[in-house]
Amino acid sequence: MNNFKCSSIKHRRDRQFIFFSLIAVFILTNIVITEASSEDEDIQEKIQEIEQERQSLESEMDELEENIEHLQQQEREVVQRIQEIDYRLSQQEQELIELDNEIGETEDQIEKTTEELEQAEEELEEKEEFLGTRMRATYKQGNVSYLEVLFEAQDFIDFLSRLTYVQSIVDKDLELIAEVEEERDRIQAKKEELEEQKEDLQTLYAEAEEKKQEIEQNRQEQQRLHAELEEQREQEQELLRQKENEADQLLEAIRDLQSQSGEMVTPIEWPVPDFGRNYITSPFGNRTHPITGRESFHSGLDIGIAHHRWPGSNQYQGNPVNAVSADSGVVIYAGIMGSLNSGYGRIVIVDHGGGYSTWYAHLNSILVSEGEEVSRGQPVGLIGSTGSSTGPHLHFEVRKNDNPQNPLEYLN
Ligand SMILES: [Zn+2]
């Protein structure tokens, strides 16, 4: 943390150096600016045009993203429907298998009953034939031998008993035939019942088969729908990728133009790649100073880091944290400003042209030297806690014509 005032510079030589450096930079940029001011206006206009184009692309991309999300939602719904259909299909197939089994069983029963029926009929035929033969024999015998029976009968009682005997045999046979007939009719009825049952089952099977085909058709429709949605989504995703590329190219063009106009290329790079915006411990602007308790102006952003990555900590475990240059430029100051216990401590200032500079303060150590050209994202120092600081953090400033600006307005 630090207050905006540069009065904390104590070393005369540093101040002199900065003064001359700034004058040199001012003269140089002034020459370039005077020569190129109308050209600069053209460039600014062009930047605005491209920026507008880029923004309209962004809104098209937003719309596409919304569409893609909507399509994905529809796809998920269709997939769920297909799963439900698959479940119903497997149930239907199970039902068909069961019906097929029942039909098979009924057919077996019919076969068995048919055999039984044949047997009963055979038996009946045998019995009828036997009875017929016996009756014919009896009657033949009778025709001839009734008289014989009568004559041979010793008396009338004897005659009656002979007749009764013959008749009882015939009656017995007739009774037997009636029983077999009854059995045959029963089997016949059973067979008919089974055949009816088989027909019913076959009707059910045909119905189930039809239903299965309906479900399969529905499944195919849903799959077609799914394929259509997928294709549409892929097309829109491809379109989105194209537009993203276009937008990137436009951004690149804007950066090119910005660097041509000698301006800092915005958005600038976040200066602490390892620790994001969540690690802002103190914002730019007015605040109550944590040490003095007075209301004061904070000229930059404080970005805190983990203690165990600060070389000055007794918990230090290695892997120190880089502060990186927010854009390409020239190092115009690299050293102590104030002292190691007050002010900015170890600091690097990078000039980006167009009156812009960025400041990296409270560094543990410095990785660049004055006059060195640095590229965007190049480490300039290791974050520490030198100067007026209560813990390891980077104090980061963006200045325009030496006036501190809110860095968040320059960061993406
Ligand atoms: Zn600060």
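Where is D327 found? In this predicted model, D327 lies in the loop that links β5 (322-324) to β6 (329-338). Let us start from that residue and then move on to strand β11.

**The surroundings of D327**

Although D327 belongs to a loop, it counts as buried because 25 other C-beta atoms lie within 10 Å, and the cut-off for a buried residue is 20 or more. Which residues does D327 touch, once its neighbours within four places in sequence are left aside? The contacts are M264, V265, I268, E269, H352 and R376. Another residue to look at is D351, which is 24 residues from D327 along the chain; the C-alpha atoms of D327 and D351 are 9.2 Å apart.

**Strand β11 and its partners**

Now for β11, which spans residues 393-400. How many of the residues in β11 are buried? The count is 7 of 8, so the strand is mostly covered, given that a buried residue has 20 or more other C-beta atoms within 10 Å. Strand β11 pairs with β4, with β8 and with β12. The table sets out these pairings.

| Partner of β11 | Residues of partner | Sense | Bridges |
|---|---|---|---|
| β4 | residues 301-304 | antiparallel | 4 bridges |
| β8 | residues 356-366 | antiparallel | 6 bridges |
| β12 | residues 403-405 | antiparallel | 3 bridges |

Individual residues help to place these pairings in the structure. On the β4 side, D302 faces H395 of β11. For β8, you can find S357 standing opposite R399 of β11. R399 also stands opposite P404 in β12, and this makes R399 a handy residue to select when you view the strands.

What do β11 and β12 form together? They make a hairpin, with 2 residues between the strands. One residue to look at in the turn is N401, whose phi is positive, at about 50 degrees.

**The protein as a whole**

Stepping back, the protein contains 2 helices and 12 strands. Along the sequence, the order is α-α-β-β-β-β-β-β-β-β-β-β-β-β. Of its 412 residues, 19% count as buried; D327 is buried too, as are 7 of the 8 residues in β11.

How many of the contacts between residues at least 6 apart in sequence join residues at least 24 apart? For the protein, the share is 74%.

Terms used
Residues are numbered from 1 along each chain as its sequence is written. This is a predicted model: local features need pLDDT of at least 70, side-chain atom pairs count only at pLDDT 80 or more; totals for chains, interfaces and linings use all residues. A residue is buried if 20 or more other C-beta atoms lie within 10 Å of its own, exposed if 12 or fewer, and partly exposed in between; C-beta atoms are placed from the backbone. Two residues are in contact if their C-beta atoms, placed from the backbone, lie within 7 Å. Two strands pair if DSSP finds at least two bridges between them.
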